[in-house]
Amino acid sequence: MEKETDLLLEVHERLLRQYDIDRWHWRAETPPLDVCLGAILVQHTAWSNVEKAIANLRAANSLSLETLSALSEEELALLVRPAGTPLTKARRIQVFVNLVLGYGGFAKLFALPDDELRQVLLATPGIGPETADVILLYAARKPAIVNDAYTIRLLRRLGTGPDGDRYDTWRAWLDARLPDDLAFRWANHAAIVVHCKERCRVRPLCMECPLTDICTLGSQAV
DNA sequence: ACCCAGGGTCATA
DNA sequence: TATGACCATGGG
């Protein structure tokens with residue numbers, strides 16, 4: 001376990017040395033609503049398409065809880081259409097937005113104890129474990145673990161990780177091994193995403209990959 | 001013409 | 001518990 005922590009910390013350091021995570025899409029000043037919309041819209045979807053959807057919302061002056069709640073399902077679906085599964089995502093956004101409004105805004109919702117907040121999010125239709133953890137970390141700014149396909153793929157290539165790929169198994173495994181620190185966890189997940197988007201999917205770039213020498217799968221496909 | 005993307009939900013065995 | 005179907009658009 002300590003050895004695994006050492007590996008995770010080494011990866012963390014190397015990635016932060018290599019990438020400027022400030023160029024990642026969520027920054028310290030990103031409003032909670034933007035983060036939450038992105039978290040829902042990116043489900044099984046390429047981020048480039050999410051940007052188009054959010055640009056549509058911005059152009060329609062609809063980046064507020066009140067506006068999003070007031071839009072008809074069809075109108076909202078039209079705006080988020082580039083992100084795919086438009087009707088599904090329009091519904092999920094409205095359910096979530098109404099949840100926040102019901103609490104009287106993000107500040108009050110996020111004032112709940114961490115565990116309770118996570119339960120509330122998970123009980124919301126359309127918000128599964130990964131979306132909930134993204135909201136916890138990047139919108140509510142709690143030191144949550146975010147697991148995702150990138151993390152699993154990367155750490156498997158490094159020959160580590162728990163048995164099985166179930167979300168909660170990975171989450172517990174990472175939680176026990178990463179510092180319980182907001183800044184660390186914020187940067188760690190961001191760096192993994194930036195890294196995987198930039199390199200992991202393109203094999204020729206493996207030569208310049210900052211993790212090549214500890215990658216146990218060599219040149220095998222991602 | 002495929003295949004997949006930072007998921008989530010529901011039905012089936 | 002564990003797969004599979006479905007949602008549906010845009011880019012490689």
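I will go through the confidence, the domains, the helix packing and the DNA surfaces of this structure, in that order.

Let me say at the outset that what we have here is a predicted model, and that chain A averages a pLDDT of 93, with 93% of the residues scoring at least 70. The stretch I would ask you to treat with caution is residues 218-222, where the pLDDT is below 50 and where the model shows six contacts beyond near neighbours in sequence.

Turning to the overall layout, the domain assignment of chain A gives a domain 1 made of two segments, 2-23 and 146-214, together with a domain 2 that covers 32-139. The C-alpha centres of domain 1 and domain 2 lie 26 Å apart, and the contact between them takes eight residues from domain 1 and five residues from domain 2. On the domain 1 side, the elements that give two or more residues to this contact are helix 11, residues 167-175, and helix 12, residues 182-200, with helix 12 providing the largest share, three residues. In character, that side of domain 1 divides into three nonpolar, two polar and three charged residues.

Now to helix 6, residues 86-103, and its packing against two other helices. Helix 2, residues 32-41, packs with helix 6 at an angle of about 145 degrees, their axes being 10 Å apart, and the crossing of this pair is right-handed. The residues that make the contact are Cys36, Leu37, Ile40 and Leu41 from helix 2, and Lys89, Arg92, Ile93 and Phe96 from helix 6; taken together they divide into six nonpolar, no polar and two charged.

The other partner is helix 5, residues 73-80, which packs with helix 6 at an angle of about 115 degrees, with the axes 8 Å apart, and here too the crossing is right-handed. From helix 5, the residues Glu73, Leu76, Ala77 and Val80 meet Pro86, Leu87, Lys89, Ala90, Arg91, Ile93 and Gln94 of helix 6, and this contact divides into seven nonpolar, one polar and three charged residues. If you compare the two lists, you will find Lys89 and Ile93 of helix 6 in the contact with helix 2 and again in the contact with helix 5.

That brings me to the DNA, and I will take strand C before strand B. Which element gives the most to the surface near DNA strand C? It is helix 6, with three residues, while helix 3, residues 47-59, is the other element that gives two or more. The residues around DNA strand C are His44, Ala46, Ser48, Asn49, Arg81, Pro82, Gly84, Thr85, Pro86, Leu87 and Thr88, and they divide into four nonpolar, six polar and one charged. Pro86 and Leu87 thus appear around DNA strand C as well as in the contact of helix 6 with helix 5.

For DNA strand B, the model places 22 residues around the strand, the closest being Gln43, His44, Gly128, Glu130 and Thr131. Two or more residues of that surface come from each of helix 9, residues 129-139, and helix 10, residues 149-157, and helix 9 gives the most, with four. The surface near DNA strand B divides into 11 nonpolar, nine polar and two charged residues. I would finally point you to His44, which is listed around DNA strand C and is also among the closest residues to DNA strand B.

Definitions and conventions
Residues are numbered from 1 along each chain as its sequence is written. Chains are lettered from A and ligands numbered from 1 in the order in which they are written. This is a predicted model: local features need pLDDT of at least 70, side-chain atom pairs count only at pLDDT 80 or more; totals for chains, interfaces and linings use all residues. A residue is near a molecule or strand if its C-beta atom, placed from the backbone, lies within 6 Å of it. Ala, Val, Leu, Ile, Met, Phe, Trp, Tyr, Cys and Pro count as nonpolar, Asp, Glu, Lys and Arg as charged, and the others, Gly among them, as polar. Domain bounds come from an automatic or database domain assignment. Two residues are in contact if their C-beta atoms, placed from the backbone, lie within 7 Å. Axes are lines fitted to C-alpha atoms, for helices over the stretch in contact, and angles run from 0 to 180 degrees between N-to-C directions. A crossing is left-handed if the near helix is turned anticlockwise from the far one by less than a right angle, and right-handed if clockwise. pLDDT is the predictor's confidence in each residue, from 0 to 100.
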